[in-house]
Amino acid sequence: MSVREKEKQETLERGAKTEQESQEKGNPKIFLSGSIRGGRQLLPVYRLIYETLEGAGAEVVSWHVVDPELEKVESAMTEEEIYARDLGLLAKSDAMLAEVTVPSLGVGYEICRALVGKIPVLCLHRPDAAVSAMLLGNPDPGIKVKPYSDEGELKEILVEFLSSF
């Protein structure tokens, strides 16, 4: 066996081992929440969060939040269908990650439902955001609220968050 063939075989074996460990451990299912009707100006941040979580081994069940065509897609859905989709995905999640820089009634509602369902919540926001006291002052141990200044800090927070699973 050549050196390249041996390296390829070792890589395949490591990959199989990692996949088996992932299946045994179970990749955490994360519900990502961000403003949709309240404003989509943070879509690039939502995409960064999504890519970081998926890259670290999590399964983001609410991938639609990062879809640039979401408003178009949802215009073909009824309000009831959107509600059922989102709460159904939330119920299947191990945790919720909410970007709360842009105020959103829907995100707030989902946070409340997650906490009632004993689903841990991490809220992230830019330091200059006017975050609601209902989040900042919430004593529920299931919620954490953290500011981030830049992409590097945001990624660090996300990796730390996932390490708890």
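Begin by selecting the lining of the largest pocket in this predicted model, and colour the selection by residue class: ten of the lining residues are nonpolar, six are polar and six are charged. The space in this largest pocket amounts to about 460 Å³, and of the 22 residues that line it, Ile82, Asp86, Gly106, Val107 and Glu110 are the closest to its centre. If you then switch to a cartoon view, you can see which elements at least two of the lining residues come from, namely β1 (29–33), α4 (79–91) and α5 (105–116). Select α4 for a moment, since the largest share of the lining of this pocket, six residues, comes from that helix.

Next, go to the second largest pocket, which holds about 270 Å³ of space. Its lining is made of 16 residues, and those nearest its centre are Gly108, Ile111, Ser132, Met134 and Leu135. Two or more residues of this lining are supplied by α5 and by α6 (133–136), and α5 gives the largest share, with five residues. Coloured by class, the lining of the second largest pocket shows eleven nonpolar residues, four polar ones and one charged one.

Now hide the pockets and select the strands. Which order do the strands take across the sheet? The five strands form an open sheet in the order β2-β1-β3-β4-β5, with parallel pairing, and the edge strands are β2 and β5 (143–147), each of which pairs on one side only. As a general point to keep in mind while you inspect the backbone, strands of a sheet pair through backbone hydrogen bonds, either parallel or antiparallel.

Select β1 and ask whether it is enclosed or open to the outside. Four of the five residues of β1 are buried, and so the strand is largely enclosed by the rest of the structure. On one side, β1 is joined by two bridges to strand β2 (residues 59–60), and the two run parallel; to find one of these bridges, pick Lys29, whose partner in β2 is Glu59. Following the chain from β1 to β2 takes you through helix α2 (residues 43–55), and this β-α-β crossover is right-handed.

Strand β1 also pairs with strand β3 (residues 95–99), in the parallel sense and over four bridges, and here Ser33 is the residue to pick, as it stands opposite Ala98 in β3. From β3, move on to strand β4 (residues 121–125), which is joined to β3 by four bridges and runs parallel to it; select Leu97 to find its bridge partner Leu122 in β4.

For the next stop, select the cysteines Cys112 and Cys123. Cys112 has a relative accessibility of 46% and therefore counts as partly exposed, whereas Cys123 is buried, with a relative accessible area of 0%. If you search for sulfur-sulfur links, the structure holds zero disulfides; in general terms, a disulfide is a covalent bond between the sulfur atoms of two cysteines.

Finally, zoom out to the whole protein chain, which has seven helices and five strands. Traced from the N terminus, the elements run α-β-α-β-α-α-β-α-β-α-β-α. Colouring by accessibility completes the tour: of the 165 residues of the protein chain, 38% count as buried.

Key: Residues are numbered from 1 along each chain as its sequence is written. This is a predicted model: local features need pLDDT of at least 70, side-chain atom pairs count only at pLDDT 80 or more; totals for chains, interfaces and linings use all residues. Side-chain values use heavy atoms; hydrogens and water are left out. On a 1 Å grid over the protein atoms alone, a cavity is a set of points where a 1.4 Å probe fits but cannot get out, and a pocket is an open set with protein on both sides within 12 Å along at least five of seven lines; lining residues have an atom within 4 Å of a point. Grid points are joined across faces, edges and corners, and a volume is the space filled by probe spheres set on the points. Ala, Val, Leu, Ile, Met, Phe, Trp, Tyr, Cys and Pro count as nonpolar, Asp, Glu, Lys and Arg as charged, and the others, Gly among them, as polar. A disulfide is a pair of cysteine sulfur atoms within 2.5 Å. Buried means under 20% relative accessible area, exposed over 50%, partly exposed in between (1.4 Å probe, protein chains only). Two strands pair if DSSP finds at least two bridges between them. A crossover is right-handed if, with the strands pointing away from the viewer, the path from the first strand over the helix to the second runs clockwise.
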